[in-house]
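These are my notebook entries from a look through one structure, kept in the order in which I looked things up.

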Amino acid sequence: MFKDKKVVFSGVQPSGVLTLGNYLGAIKNFSAFSDEYKCYYCVVDEHAITVRQNPAELRRRTYETLALYIACGLDPQKNTLFVQSHVSAHAELGWILDCYTMFGELSRMTQFKDKSQKNADNINAGLFTYPTLMVADILLYQTELVPIGSDQKQHLELTRDVATRFNAIYGDTFVIPDPYIPQTTARIMSLAEPSKKMSKSDENENAVIRILDPKDVIIRKFKRAVTDSGCEVRRADDKEGVSNLMTIYSAFTGKTDEEIEREFAGKGYGDFKLAVGEACADALAPVQAEFARLAADKAYLEDVMLAGAEDAARSAARTMSKVRRKIGFTEIRRK
Ligand code: AQP
């Protein structure tokens with residue numbers, strides 16, 4: 001049924017409650033592909049354990065992330081929604097591609113550098129080779145397009161390099177994927193330190209808007225957002241905080257920078273921050289209501305997980321069989 005459709009793949013780690021960055025940079029854009037593409041959206045729990053996770057919380061957040069996918073508009077009938085560790089081919093291809101990825105390439109990954117600084121007591125080998133697992137995630141499904149925030153661009157470039165290298169050795173095996181990076185919301189910044197990206201594992205709760213934050217919390221966090229000593233609502237390189245808030249406001253209202261500047265001319269930051277908070281909370285309210293309904297229905301989420309894993313595994317098996325044959329692994333057939 002999907003034979004002629006091009007493939008989209010993306011994933012989100014269940015490493016915390018998802019943020020406005022995850023939403024505007026990635027998930028909100030996923031459903032736009034559902035009609036035209038065969039879409040695989042994965043909860044990448046194997047990536048999450050590169051940083052130490054509490055097992056009960058990881059399990060809960062895996063369900064939560066799946067429920068959020070659906071609440072954000074991803075219909076499980078039209079998209080393959082699944083959990084990475086339910087399809088063993090991810091780890092299998094990840095290992096194989098480790099052997100086609102250079103140490104030097106992985107050493108250059110900025111996320112590795114950032115995350116090893118943040119987790120100095122646990123710089124494990126998985127944190128280092130995590131990008132190759134992401135390469136495997138993408139290549140397993142012969143993906144053409146990967147919707148991501150700009151922080152993942154470097155990993156996508158690595159994916160293209162590894163796929164090209166593998167194809168050059170063994171002949172056409174993998175489709176070379178392209179990134180799909182949204183123009184304006186590719187990098188939503190921290191509300192507390194607007195030079196840093198908003199991250200779900202940020203320890204400062206005021207830095208991060210969570211998709212599930214109640215309205216009063218969202219408004220309070222925006223009110224506290226770091227801006228600058230001026231009072232003019234205007235996008236500029238030296239006004240990172242205000243520019244970030246303008247990006248968020250524009251994403252929820254569809255207004256251009258000029259319209260926003262006109263709307264808040266002479267009004268100061270207080271009114272602006274309140275308006276951003278309200279626009280954001282109002283837009284997230286239906287997602288939150290749908291999430292509450294879905295999260296209470298674990299049996300339904302398990303049905304979705306199972307159907308998604310079966311569908312993904314079928315497709316992954318086709319790529320794995322090709323890869324195994326090409327690299328010279330033996331196959332045993334049942335008699
Ligand atoms: N601040 C952001 N702005 C725009 N897009 C973002 N993404 C993440 N943060 C922003 C995009 O969300 C998708 C899922 O991200 P992930 O869960 O795979 O991990 P991440 O990129 O490491 O995101 P976090 O929130 O920073 O997680 P932690 O704190 O656990 O490391 C990706 O497409 C990403 O680009």
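**Entry on Lys322.** I began with Lys322, which I find in helix H13, residues 298-327, in what is a predicted model. I looked up its accessibility and noted that Lys322 is partly exposed, at a relative accessible area of 28%; this value falls in the class between buried, under 20%, and exposed, over 50%. Setting aside residues up to four places away in sequence, I listed Gln142, Asp172 and Thr173 as the residues that Lys322 touches. For Thr173 I also have a distance, since its backbone oxygen lies 3.3 Å from a polar atom of the Lys322 side chain. As a separation along and across the chain, I recorded Lys322 and Asp178, which are 144 residues apart in sequence and have their C-alpha atoms separated by 22 Å.

**Entry on H8.** I then turned to helix H8, residues 153-170, whose 18 residues reach 26 Å from the first C-alpha to the last, close to the 26 Å expected at 1.5 Å a residue. Which residues of H8 are buried? I noted His155, Leu156, Leu158, Thr159, Val162, Ala163, Phe166 and Asn167. They cover an arc of only 165° around the axis, and I therefore place them on the same side of H8. The spacing rule I kept in mind is that an α-helix has 3.6 residues a turn, so residues three or four places apart point the same way. Just after H8, I noted that Gly171 takes a positive phi of about 85°.

**Entry on Thr159.** Within H8 I singled out Thr159 and asked whether it is buried or exposed. Thr159 has a relative accessible area of 0%, so I entered it as buried. Leaving aside its neighbours within four places in sequence, I found Thr159 in contact with Val135, Ile138, Leu139 and Pro177.

**Entry on H4.** For helix H4, residues 89-98, I listed the buried residues as Ala89, His90, Leu93, Gly94, Ile96 and Leu97. Seen down the axis of H4, these fall within an arc of 165°, so I have them lining one face of the helix. What covers the buried residues of H4? My list includes strand S1, helix H2 (45-48), strand S3 (79-83), helix H7 (125-139), H8 and H13.

**Entry on S1 and S2.** I followed S1 next, residues 7-12, and noted that this strand is mostly covered, with five of its six residues buried. S1 pairs with strand S2, residues 38-43, in the parallel sense over six bridges, and in this pairing Val7 stands opposite Lys38. Tracing the chain from S1 through helix H1, residues 20-30, to S2, I recorded a β-α-β crossover that is right-handed.

**Entry on Arg235.** Last, I looked up Arg235, which lies in the loop between helix H9 (215-223) and helix H10 (240-253) and is partly exposed, with a relative accessible area of 35%. Not counting residues up to four places away in sequence, I have Arg235 touching Ser243, Met246, Thr247, Asp257 and Glu261. Two of these came with distances: a polar contact of 2.6 Å joins the side chains of Arg235 and Asp257, and the backbone oxygen of Ser243 lies 3.4 Å from a polar atom of the Arg235 side chain. I closed with the pair Arg235 and Ala295, 60 residues apart along the chain, whose C-alpha atoms are separated by 39 Å.

Note on methods
Residues are numbered from 1 along each chain as its sequence is written. This is a predicted model: local features need pLDDT of at least 70, side-chain atom pairs count only at pLDDT 80 or more; totals for chains, interfaces and linings use all residues. Side-chain values use heavy atoms; hydrogens and water are left out. Buried means under 20% relative accessible area, exposed over 50%, partly exposed in between (1.4 Å probe, protein chains only). Helices (H or I, at least four residues) and strands (E, at least two) are DSSP runs, numbered from the N terminus. Two strands pair if DSSP finds at least two bridges between them. A crossover is right-handed if, with the strands pointing away from the viewer, the path from the first strand over the helix to the second runs clockwise. Contact means heavy atoms within 4.5 Å. A polar contact is a pair of N or O atoms within 3.5 Å; within protein, one must be able to donate a hydrogen and the other to accept it, and residues adjacent in sequence count only if both atoms are side-chain atoms. The expected span of a helix is 1.5 Å times one less than its number of residues. The arc is that of the directions from the helix axis to the C-beta atoms.
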